[in-house]
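Q: Could you take a close look at one part of this model, the open sheet and the helices that pack on it? I would also like a careful account of a few residues elsewhere that can be described with some detail.

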Amino acid sequence: MGKSSLFNRILGRRAAVVSDREGVTRDRHYQTATYHGREFTVVDTGGFLPDETIDVLAANVREQIFTAIQESDLVLFMVDVRVGITKLDDQFAKMIRRLDKQVLLVANKSERPEDRSECWELLSLGMGQPRTISALTGYACLSLLDEVISLLPNKTASDKEEKRPIRFAILGRPNAGKSTLLNRLLGEERAVVSDIPGTTRDSIDCTFTANGEKFVVTDTAGLRKKAKVEDEVEIFSNMRSQESIRRSDLSLLVIDSTLGISEQDFRIIQDIRQAGKGLILILNKWDILPDKTEKSFDRMVKEMREREPLFEYIPILSISAKEGLRVHRILQEIRSVYANCRRVIGRDRVAEVFAEAIAKNPHPAHAGRLVKLTRACQIMVEPPVIDIETRRPDAVDESYKRYLLKTFYEAFHLNGAPLRLNFDSKLTLRKDEDLEQFTLASDSVSFGSHPDRHLGRQNRKR
């Protein structure tokens with residue numbers, strides 16, 4: 001049909017998974033678009049399916065569609081001009097007319113003049129003159145947007161919010177409970193939930209407010225090993241998940257506690273850490289963990305930290321998204337990790353802790369020569385980066401980098417933040433006041449001890 005293609009065309013980027021196969025879009029997919037200075041929200045929905053369909057998710061998809069319609073100021077009803085009016089189009093049109101919503105009839109795939117000349121039959125849908133477009137080529141899409149803008153209500157002028165929302169992504173293997181957790185956090189059935197792995201195909205952005213604070217959460221498609229991603233839709237879904245990590249401030253990695261942490265979970269963690277984003281580990285399905293005792297959580301966390309020592313500095317929560325068990329604690333941890341990612345530690349404090357660490361445990365000689373570390377200063381936030389001066393940055397021992405990381409994590413309580421160390425021949429000095437304004441992540445760290453570099457090493461040796 002082309003709904004997701006038009007969605008991407010309006011946004012000017014590939015935000016939704018597009019495939020020739022029907023039924024790829026299932027959830028409501030919200031994105032903010034800007035056109036001629038006007039900002040508005042676009043919602044992509046799943047294709048309407050009749051009651052008799054064999055798709056077991058059809059009822060949920062229909063519910064998602066009608067919720068989106070009820071929330072909207074304007075509905076674009078799309079039909080395939082080459083196919084003409086189908087029985088399903090007619091059925092769906094009657095339902096929309098009963099909802100008394102402002103509707104524009106969009107005749108897609110109208111690239112050819114002969115296609116546009118045959119659109120008169122669409123008048124029988126009772127939605128007025130069809131707007132002939134091609135979402136694939138962009139034909140007449142700007143004219144459609146002009147009309148959309150003219151019909152949308154004008155928002156009253158108001159000052160922009162000083163405090164931007166906290167953005168976080170929900171990641172994990174298929175069927176770990178990501179969409180169930182999303183619905184629990186939102187307090188509504190925003191995402192389709194089922195026991196079928198791979199139900200979520202796109203990355204879905206949702207905005208909500210809790211205790212006066214605004215959040216934007218992205219529910220992502222379940223990430224699988226690349227060797228197992230053969231379906232073209234899954235390939236693009238994985239790409240969306242990677243993009244959602246980059247767009248978010250931090251990520252929740254949902255782990256099925258009945259299965260434990262896997263190699264794929266470690267790969268997801270590596271992606272999150274390499275992107276310089278905060279991380280919280282969520283042990284879901286705790287309510288059905290077999291043979292559970294009061295010591296089960298401590299035992300599982302201990303095993304995880306034995307496999308990866310850096311888990312000592314990542315918050316770990318056991319929850320049941322289905323039952324709501326300890327879900328309220330997630331937002332508390334999100335606020336804490338977000339603050340840690342943006343925290344200005346303090347120039348004097350960094351220098352003090354660094355001097356104590358060097359005095360307590362000096363760097364060992366390398367190839368018979370001393371490796372002297374002289375000064376340290378925080379140079380970046382989001383992610384926090386500490387620059388360390390040494391004449392021989394390439395000679396800094398990996399184990400010594402881990403020692404300094406451990407020291408800084410414990411001294412500054414940066415749990416969940418992807419602290420990075422940059423070793424340079426000349427120290428970059430930044431004032432604390434400068435760092436307060438310096439909130440953009442950088443890709444220019446050349447000699448860094450990144451937490452993800454050693455991630456899963458113990459696990460891979462097993």
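A: What follows begins with the sheet and its helices, and then turns to individual residues.

The model is a predicted one, and everything below should be read with that in mind. The sheet in question is open and is built from three strands in the order β3-β4-β5, with parallel pairing. Its edge strands are β3 (75-80) and β5 (131-132), each of which pairs on one side only. Strands of a sheet pair through backbone hydrogen bonds, and the pairing may be either parallel or antiparallel. Between β3 and strand β4, which covers residues 103-108, there are six bridges, and these two strands run parallel. Within that pairing, F77 stands opposite L105 in β4.

Two helices can be placed relative to these strands. Helix α3, formed by residues 87-98, packs on the sheet and touches both β3 and β4, with a direction that makes about 170° with that of β3. Helix α5, formed by residues 141-151, lies across β3, β4 and β5, and runs at about 170° to β4. C141, whose number falls in the range given for helix α5, counts as buried because its relative accessibility is 6%, under the 20% cut-off.

Another cysteine, C377, also counts as buried, because its relative accessibility is 1%. A search of the whole structure nevertheless finds zero disulfides.

The UniProt record, an unreviewed entry, places the feature "binding site" at D44, T45, G46, G47, F48, N108, K109, S110 and E111, and such an annotation may be inferred rather than shown by experiment. Of these positions, N108 carries a number that falls in the range given for strand β4. T45, another of the listed positions, is found in the loop between β2 (38-44) and α2 (58-71). T45 counts as buried because its relative accessibility is 16%.

Last comes a residue in helix α10, which spans residues 328-342: Y338. Y338 counts as buried because its relative accessibility is 9%. Leaving aside neighbours within four places in sequence, Y338 is in contact with R164, I166, D249, L250 and E382. Y338 can also be related to L414, since the two are 76 residues apart in sequence and 10.0 Å apart in space, taken from C-alpha to C-alpha.

Terms used: Residues numbered from 1 in each chain as written. Predicted model: local features only at pLDDT ≥ 70, side-chain atom pairs only at ≥ 80, totals over all residues. Heavy atoms only, no water. Disulfide = S-S within 2.5 Å. Buried < 20%, exposed > 50% of the residue type's maximum accessible area, 1.4 Å probe, protein only. Helix = DSSP H or I, 4+ residues; strand = E, 2+ residues; numbered from the N terminus. Contact = heavy atoms within 4.5 Å. Pairing = 2+ DSSP bridges. Axes fitted to C-alpha atoms, helices over the stretch in contact; angles between N-to-C directions.
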